[in-house]
Amino acid sequence: MAQPVLDQWSVSEQDYPRSGTAAEQLRFLLGYAVLAPSSHNAQPWHFRIRGDELDVLVDRTRALEVLDPEHRELVISCGAALFLLRVAMRYFGREPIVAVLPSYEEPDLVAVVKLGPERDRTVEDELLFRAIPERHTNRLATDERPLPPALVLAMKDAARQERAWLRSVEEAPQREQVAALIAEGDRRLFADREYRRELVAWMRPNDEAARDGVPGFAYGLPDLVAPMGTRLVEMFNSGRLTGFRDRRLALNAPALVVLGTAQDAPKSWLAAGQALGRVLLQAAARGVWSSHMNQPIQLPELRESLKQALGLDGYPHLILRLGHGDPLPHTPRRSVDEVLID
Ligand SMILES: Cc1cc2nc3c(=O)[nH]c(=O)nc-3n(C[C@H](O)[C@H](O)[C@H](O)COP(=O)(O)O)c2cc1C
């Protein structure tokens, strides 16, 4: 299978500048933050290093205006990058000191991170750090292997640690209701030509040198079909077919979980992103894949139906399907140089 350039995934801990300046260390640690997941792999982040402090900023030029007009998923993606940065910092023996949304005057500045006091690495630090290069989204069907018994509990705990919650959809009638909402979300989203245009703008052939976007193989498309797939998605409404497939995937997944927060504002979105990072690394550390089925949350009326179906107290942000299956290659990332600003 042809593959895009994947340099960013070969970051090596041997290269950590232990006796370098704080700025050099922060720059190195960003090599892990850029491996975070983001909607359509848009990587909507900028970073700025000022002495021993690092600013995390949203890059609204990479917003998905049709899918995410409030920029909720955009902030969640930046939260995931912030979490990976925290994990790397702790692994290399420094406590991260984080101020979230520190300035009303600069709303795009979502966090300021400082290298705090030295600390000993814990078993959890090691587990999460080792999972960073193992994690990726896998949209293929899961096989029948059940999840490790303690994983759902570990993911619930992970979400709580980041001020979010995680609800596992286990009972058959509720799973059926959520699966039906996912399928309905597919039908409504794909019926919108603007949605399809935006999706296609971030789809890439398998061998393209692009540093962002989603290659065809990540959707299960072979090399020859991937470029054609893009055109077909834009031209035809495949909502019914996609809905049919996603409903089955949701019903058959060993776990389907909803991640949410008590409030629905930028601070909570940032918490949800950090919780997503922690939850995904907990799963990846146990060899478990995940993929998103957020369609009902991306449409306000279906988000409300999801809340009612599950009796949720708060605001759902993401739906994840988890399980075992065949591995896939990574998707590409922009380099640290490309995301650093002055
Ligand atoms: C906030 C957020 C929303 C996402 N929503 C979807 C989604 O609706 N459908 C999907 O297939 N993938 C979704 N993804 C997964 C991204 O497409 C994926 O993270 C990105 O392509 C990078 O690939 P990787 O996770 O394999 O590194 C989402 C990721 C994030 C962080």
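A residue counts here as being around the ligand if its C-beta atom, placed from the backbone, lies within 6 Å of it. In this predicted model, 17 residues lie around the ligand, and of these Pro 37, Asn 41, His 136, Thr 137 and His 292 come nearest.

Before returning to that shell, it helps to take in the fold as a whole. The secondary structure of the protein comes to 11 helices and 10 strands. With a radius of gyration of 19 Å, close to the 20 Å that the globule rule gives for 342 residues, the protein is as compact as a globular protein of that length. The C-alpha trace spans about 55 × 45 × 40 Å along its principal axes.

The domain assignment divides the protein into domain 1, residues 7-136, and domain 2, residues 151-323, and the centres of the two, taken over C-alpha atoms, are separated by 22 Å. Their contact takes 31 residues from domain 1 and 24 residues from domain 2. On the side of domain 1 that touches domain 2, the elements that give two or more residues are α2, β4 (109-118) and α3, and among these α2 gives the most, with 11 residues. By residue class, that side of domain 1 divides into 22 nonpolar, five polar and four charged residues.

The packing of helix α3 (residues 123-131) against helix α9 (residues 266-285) can be followed at the level of single residues. The two helices pack at an angle of about 85°, with their axes 8 Å apart. Since angles of 65 to 115 degrees count as roughly perpendicular, α3 is described as roughly perpendicular to α9. From α3, Leu 127, Leu 128, Arg 130 and Ala 131 take part in the contact, where they meet Leu 281, Ala 284 and Ala 285 of α9. The residues of this contact divide into six nonpolar, no polar and one charged.

Where, then, does the ligand lie with respect to the two domains? Domain 1 and domain 2 both give residues to the shell around the ligand, so the ligand lies between them. Helix α2 (72-91) and strand β9 (289-292) each supply at least two residues of this shell, and the largest share, four residues, comes from α2. Helix α2 is thus named twice in this account, as the element that gives the most to the side of domain 1 that touches domain 2 and as the source of the largest share of the ligand shell. The residues of the shell divide into four nonpolar, 11 polar and two charged.

Key: Residues are numbered from 1 along each chain as its sequence is written. This is a predicted model: local features need pLDDT of at least 70, side-chain atom pairs count only at pLDDT 80 or more; totals for chains, interfaces and linings use all residues. Axes are lines fitted to C-alpha atoms, for helices over the stretch in contact, and angles run from 0 to 180 degrees between N-to-C directions. Angles under 35 degrees count as roughly parallel, over 145 as roughly antiparallel, 65 to 115 as roughly perpendicular and the rest as oblique. Two residues are in contact if their C-beta atoms, placed from the backbone, lie within 7 Å. Ala, Val, Leu, Ile, Met, Phe, Trp, Tyr, Cys and Pro count as nonpolar, Asp, Glu, Lys and Arg as charged, and the others, Gly among them, as polar. Domain bounds come from an automatic or database domain assignment. The radius of gyration is taken over C-alpha atoms; the globule rule is 2.2 Å times the number of residues to the power 0.38.
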